[in-house]
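Hi everyone, thanks for making time today. Let me put the sequence and the model up on the screen, and then we'll walk through a few spots together.

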Amino acid sequence: NFFVPLIARRVTMPDLLASLSSLATPNHLLGILAATLAMNFFGALYYGPLFGNLFYSMLKRFRGVTAVDKEHKKIRSLCYPMWVALVSSLFAALVLAISLMLLFNALKVRSYAEGASVTLLVWLIGRVLTVEESVWQGAPPKLMVLAAAKQLVASQLQSAIIFTAMTW
């Protein structure tokens, strides 16, 4: 069982905070930057050429945009401007990358598999909270699954980059 050795390691807040200063090396900072950019690049591919049409059609239905609304004014009025979405995505990816590096360091993650396991737990906790929010907002299940799958793959990509940066 992957999680037993990880759970057996006790981690306290002072451990996490003490590890902050030791993680401020050029390799680690480069890893955080690379993981942040990779997550956003993957998101652009995912919501662009890979699943963009599917996502956009589900979002329009969820937001109540009909075929009569030929102009994109209604969908634009329901969404944040692109720069706000980009900044929030970069911020979220940065926070996740730093959090994963702190957790990997505090838990003394020694392999890609352990890193992937920790990241899976982080993803699962985040998904439970966002699914609960999405259900209350009335989001369609397909839209939730599409977003969850993107977050799972992107967080595992970040995990691999962070672990690589920590082992240089």
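Let's begin with a small one: in which helix is Leu30 found? Leu30 sits in helix 3. Before we go on, please keep in mind that this is a predicted model.

So, is Leu30 buried or exposed? Somewhere in between: Leu30 has a relative accessible area of 45%, and partly exposed covers the range between 20% and 50%.

Leu30 also has company. Together with Leu33, Leu37, Leu86, Leu90 and Trp168, Leu30 forms a nonpolar patch on the surface, and the accessible area of the patch adds up to about 600 Å². Two elements, helix 3 (26-50) and helix 6, give two or more residues each to this patch. Helix 3 provides the largest share, with three residues.

Now let's follow helix 6, which runs over residues 82-106. Its 25 residues, at 1.5 Å a residue, should span 36 Å, and the C-alpha atoms at its ends are indeed 36 Å apart, so the two values agree. Which residues of helix 6 are buried? They are Ala93, Leu96, Ala97, Leu100, Met101, Leu102, Phe104 and Ala106. Just past the end of helix 6, have a look at Lys108, which takes a positive phi of about 55 degrees.

One last stop: Arg127, in helix 7 (residues 112-137). Arg127 has a relative accessible area of 16%, so it counts as buried, the cut-off being under 20%. What does Arg127 touch, leaving aside its neighbours within four places in sequence? Its contacts there are Met144, Ala147, Ala148 and Gln151.

Thanks for listening!

Key. Residues numbered from 1 in each chain as written. Predicted model: local features only at pLDDT ≥ 70, side-chain atom pairs only at ≥ 80, totals over all residues. Heavy atoms only, no water. Helix = DSSP H or I, 4+ residues; strand = E, 2+ residues; numbered from the N terminus. Expected span 1.5 Å × (residues − 1). Buried < 20%, exposed > 50% of the residue type's maximum accessible area, 1.4 Å probe, protein only. Patch = residues over 30% accessible without salt bridge, like charges linked within 9 Å, V, L, I, M, F, W, Y side chains within 5 Å. Areas by Shrake-Rupley, 256 points an atom, 1.4 Å probe, with all protein chains shown as cover. Salt bridge = Lys/Arg side-chain N within 4 Å of Asp/Glu carboxyl O. Contact = heavy atoms within 4.5 Å.
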